[in-house]
Amino acid sequence: LEKLVVLMSRLPDDSELGRRLQNTVIDILFNDLPHPPSTYLTLPKPLKHASSKQTNYAFRSADGSNNNVLFPSFGQAGQPYARSVSSMNTVLPSFFPDPDIVFDALLCRRPPSPQQASSSYFQSHPGGLSSLFFAFANFIIHSIFHTNLDNPRINDASSYLDLSVLYGSSEEDVSRIRRFDGSGRLWEDVWADKRVVGMHPAFGALVVLFCRNHNYIAERILAINENGTYYSPSSPPIISATSAHNDTNRSRLLSQCDEIFHRARLVNTAYFMQIVLRDYVGGILGLVRDGLEWRLNPLGWSSQESSQTPRGEGSSVSMEFNLMYRWHAAISEEEEKWLEGVMREVSGKGPTSTLRFYSFAYCFDATISSPALAIAKSLDRLPSGAFSSAELSDILHRATASPASSFGARKVPKAMKPIEIAGIRWARSVGGCTLNEFRRFMRLKPYKSFKEWNPDPEIHKAAEDLYKDIENLELYVGLYAEECKPPIPGAGLCPGYTLSRAILADAVCLTRGDRFLTVDCTPHNLTSWGFQDIQPNIEDGSMGGMLTKLLFRTLPGEYVAGSGYAHFPFLVPSFVKESCFGKDTKVGEDKLGGRGQPKLNIWRNLNISAPGTCEVDVRKRGWVNQEMYKWEALDVGIKNGVGFKNGGVELHMCKDFFLQYEARMRLLTKGGMNGLDSYHNVVSCHLHMELSSFTHLLISEKSIQCNRHNAGLPADVNDMFVDVVKDVINLVPVYWVVNNMLMLPLKASASLRGMYTLQDWYGMFSDVSKYLYFNNGQVNDWTYREKGTRATSEIIRHLKASLAEICKSTVSLSLIYREIGSVLAWLGGSKERGEFLKEVLSAIPADRQRDAYDIQIEHAAYSLFSELIPTAVLFASAMATVVDYYLDDRSRDACQELQRLAAAKSPEANVQILPYVYKALGKSLSCESPLITR
Ligand code: HEM
């Protein structure tokens, strides 16, 4: 299987073979487990009530019922565990060895050999997985397993990745954490599952992030109001003032609240699923460690072919998979210490040998008023009810920094003994199967001997003494004391061989079987915004890792931009430093070729210094310095990404840029003029020439005729439609810069090779300005910086060629290349082309030394870039804002006056137009979204 994974991950994105292979692998993994399950640990209960709410969107029920509408109790909370393997083993229960002895002999953490007895009992995970990875794994298993204390055959959680740890598994649970104020939000930093308080704080911190994410999503859904049906909960419309109608007002508010809550939950759970598939399964397969952005996609969004493997038909977790997920061996050193302390405290309250997890967790619960009000015992709440983000971030940083333990025999911390014993007893009490029976079920070769199962003589001899025959080796012990897989390509988790094969089948079935993660994961249900929010962005510096976005979003300012702790939180930073740096080239040179990452240079641009010690901490600087930081970063990015060979050139795109404004002005104005007015004079003479005719041309080219008969409106042959923002306004300033000012190559049609269309240039200009002006916070920093850097180097490359072309100092191949297919003749060619650049060049003193002259050209190129490129798109946004303002019915009179002034085409009329522009801009700056962008 690993070999297939490696092959798939290295094939190109559009490879037909890759697509087919992926479908085949998903089919195999999905069909590993029966759907629906063959049998249950006890009789399934009939569904008490089916949710009958009439809505025009699909939503999750609190207890997971109705996920499969034809078999509504399938996977519902409160149903029995499924049984995957019916054991035929005839050995009597009394034959099995005492679990106490089994734990000491085969499971308890200890030095690998007596010679190493003095060294630490702890061995770091060989694949570099961090303790946070396993905190997330713990989060996953708590969402799907919750063995009932009174009846251990019953699972009190649903079998879906529905974030039941956060939302609970019943209407009562959900009600405890919701505000019911019309906003669909939850209370601050709450959760419904009591078990969280008994777990290590990193687990609780992750749950809190999802609570915050829910509230963020709900706020966005309400603010965007896609269907226009929501109103502000703080000022609801009064439907009726009479007391008799108060109920109607209230029920309308609650129905809005329900809708936003349910949609937000769908987005939040789909987000969770994406973290599972991208960050977590990426870690399990070692794809992150190997620098590969490809991920196994079991949801079949894009594949019609795998329709023979059903989607969204429900799932029901089995007791075998409950056993298979007890990864207590991976507990880190820090967690082990924490656990020992907790156990000491708990053991003071009774014998630990019979301690069960839930009673253990409830010890904490007894000390608090509501399960939603504590995270471990150590974290206080702020007056707002929320935890301190700094403290949460500290917990998460520490969990990323501490390595998990390796899997394998004798790796479970001693403090977990009572819990492990309870697990072994549970498996026996429900008639669990043996390891070999499980392997046959998974179509794996059964082991013939203990030695084959684990070649380590100490382990296989001890196991043989206890179980006598390999066919008697029970599943629990067989899984966790088995020989482990090494960290080879395609394998990152490195557990025992049987577990590593089965775990993938489970991941595929859990996600593919869930209706709300597959067929009902649609923009209609999640809202358009929500659907886009859950899409991974593989250029984000995390290879599409979704946890990164969650950390930046929910803990603003706590992770510095580019931090390795945020980009790869499931890998220990020291492991990344030692094992991953320099990987890009290796992957790129791999014989299988394909998806290496040289373009992203992920590892190289990563900041893995300890949290808080990043050299550039923008939080501590003022606005101007933030801007400088961005320019600096762009500059560094250019140097790294493109590699300027003539080192030593001090580029303008660094902090000096801001200090050299006056000097540049003198350069551009031949030393004669000062300030903005002079700049305006230099460029404005070029401005009016073509823009008007170009705007007309765009309007007529991009307009389409409308047939208004269908809309019941009177027909008029002159009715035309144009997307005035996207197809006209956005392009005008870009055209002016590209064609009139900088002489950049332009082609008319996308089908011509080698050149850029106006839309392409717009895209590049927009990438630059997004990084500099719309990069608020760290969420998009990496993507914007990468794109901005790429666009900058491309624009600068062409700009230098333009300058060189004008001064004829360089005849390079690129120039000849540029002439071919170039549409200098678009619009019949422009007389002004090149004049502005000639003026700029004439300001540069001719230098006999060629190198010095080239450096001047380079300075001029950066200078021009800085003056013209980043603001061109802002200018378009400002124009769109003005047009939008005057197209509004309320501005009809002013619009007519404007048309009159524009038609006059006189300098006096232009002066009169300007106040109208200021008025529209002033209005928009005072509202929430100042500029229109598209
Ligand atoms: C510090 C870390 C952890 C602690 C203190 C801990 C503690 C416990 C306890 C007390 C139980 C209850 C046992 C019982 O009811 O018989 C339990 C069950 C379980 N644990 Fe852990 N655990 C930890 C980490 C993990 C991790 C990393 C995983 C796997 C990803 C995991 C998977 C499970 C599973 C699947 C169960 C069974 C749950 C059920 O049947 O309801 N645990 N754990």
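A disulfide is a pair of cysteine sulfur atoms within 2.5 Å. The exercises below use this cut-off and others on a predicted model.

**Exercise 1. Cysteines**

Task: Find how many disulfides the structure holds, and why Cys484 is not bonded to Cys494.

Solution.
- Step 1. Searching the whole structure gives 0 disulfides.
- Step 2. The cysteine sulfur closest to that of Cys484 belongs to Cys494, at 7.8 Å.
- Step 3. A pair must lie within 2.5 Å to count, so the sulfur atoms of Cys484 and Cys494 are too far apart for a bond.
- Step 4. As for surroundings, Cys484 has a relative accessible area of 22% and is partly exposed. Cys895, at 15% relative accessibility, is buried.

**Exercise 2. The iron atom**

Task: State which protein residue is a donor of the iron atom of the ligand, and where that residue is placed.

Solution.
- Step 1. The NE2 atom of His328 lies 2.1 Å from the iron atom.
- Step 2. His328 is the only protein donor of this iron atom.
- Step 3. On the chain, His328 sits in the loop that runs between helix 9 (319–324) and helix 10 (333–347).

**Exercise 3. The protein as a whole**

Task: Describe the protein by its helices and strands, its buried share, its contacts and its surface.

Solution.
- Step 1. The protein has 37 helices and 6 strands.
- Step 2. It has 934 residues, and 56% of them count as buried.
- Step 3. Take the contacts with a separation of 6 or more: 76% of them are between residues 24 or more positions apart.
- Step 4. The accessible surface is about 40,900 Å², and carbon and sulfur atoms account for 55% of it.

**Exercise 4. Salt bridges**

Task: Work out which parts of the chain are tied together by the salt bridge of Asp100 with Lys417 and by that of Glu334 with Arg398, and how Asp173 and Arg176 are placed.

Solution.
- Step 1. The structure holds 29 salt bridges.
- Step 2. In one of them, Asp100 pairs with Lys417, with 2.7 Å between the closest N and O atoms. Asp100 belongs to helix 3 (residues 99–107) and Lys417 to helix 13 (residues 417–429), so this pair ties together parts 317 residues apart in sequence. Asp100 is partly exposed, at 32% relative accessibility.
- Step 3. Glu334 and Arg398 also form a salt bridge, at 3.7 Å from N to O. Glu334 is in helix 10 and Arg398 in helix 12 (residues 389–401), so the parts tied together are 64 residues apart in sequence. Both partners are partly exposed: Glu334 has a relative accessible area of 30% and Arg398 one of 45%.
- Step 4. Salt bridges with shared partners join Asp100, Asp104 and Lys417 into one network.
- Step 5. The side chains of Asp173 and Arg176 form a salt bridge at 3.6 Å, N to O. These two residues are both in helix 6, 3 residues apart, and therefore about one helical turn from each other. Asp173 is buried at 18% relative accessibility, whereas Arg176 is partly exposed at 41%.

**Exercise 5. A buried residue in a loop**

Task: Decide whether Val196 is buried or exposed, and list what it contacts beyond its neighbours within four places in sequence.

Solution.
- Step 1. Val196 is in the loop between helix 6 (171–177) and helix 7 (201–224).
- Step 2. Its relative accessibility is 2%. Buried means under 20%, so Val196 counts as buried.
- Step 3. With those neighbours left aside, Val196 contacts Val165, Trp191, Phe203, Gly204 and Val207.
- Step 4. Leu166 is 30 residues from Val196 along the chain, and the C-alpha atoms of the two are 9.4 Å apart.

**Exercise 6. A surface patch and a helix**

Task: Name the residues of the nonpolar surface patch, then the buried residues of helix 1.

Solution.
- Step 1. Val69, Leu70 and Phe71 make a nonpolar surface patch of about 330 Å².
- Step 2. Leu70 is in the loop between strand 1 (39–40) and strand 2 (79–80). Leu70 is exposed, with a relative accessible area of 81%.
- Step 3. Helix 1 (residues 2–10) has Val5, Val6, Met8, Ser9 and Arg10 buried.
- Step 4. These buried residues of helix 1 pack against helix 2 (16–31).

Key: Residues numbered from 1 in each chain as written. Predicted model: local features only at pLDDT ≥ 70, side-chain atom pairs only at ≥ 80, totals over all residues. Heavy atoms only, no water. Donors = N, O, S within 2.8 Å, 3.2 Å for Na, K, Ca; no water. Helix = DSSP H or I, 4+ residues; strand = E, 2+ residues; numbered from the N terminus. Buried < 20%, exposed > 50% of the residue type's maximum accessible area, 1.4 Å probe, protein only. Patch = residues over 30% accessible without salt bridge, like charges linked within 9 Å, V, L, I, M, F, W, Y side chains within 5 Å. Areas by Shrake-Rupley, 256 points an atom, 1.4 Å probe, with all protein chains shown as cover. Salt bridge = Lys/Arg side-chain N within 4 Å of Asp/Glu carboxyl O. Contact = heavy atoms within 4.5 Å.
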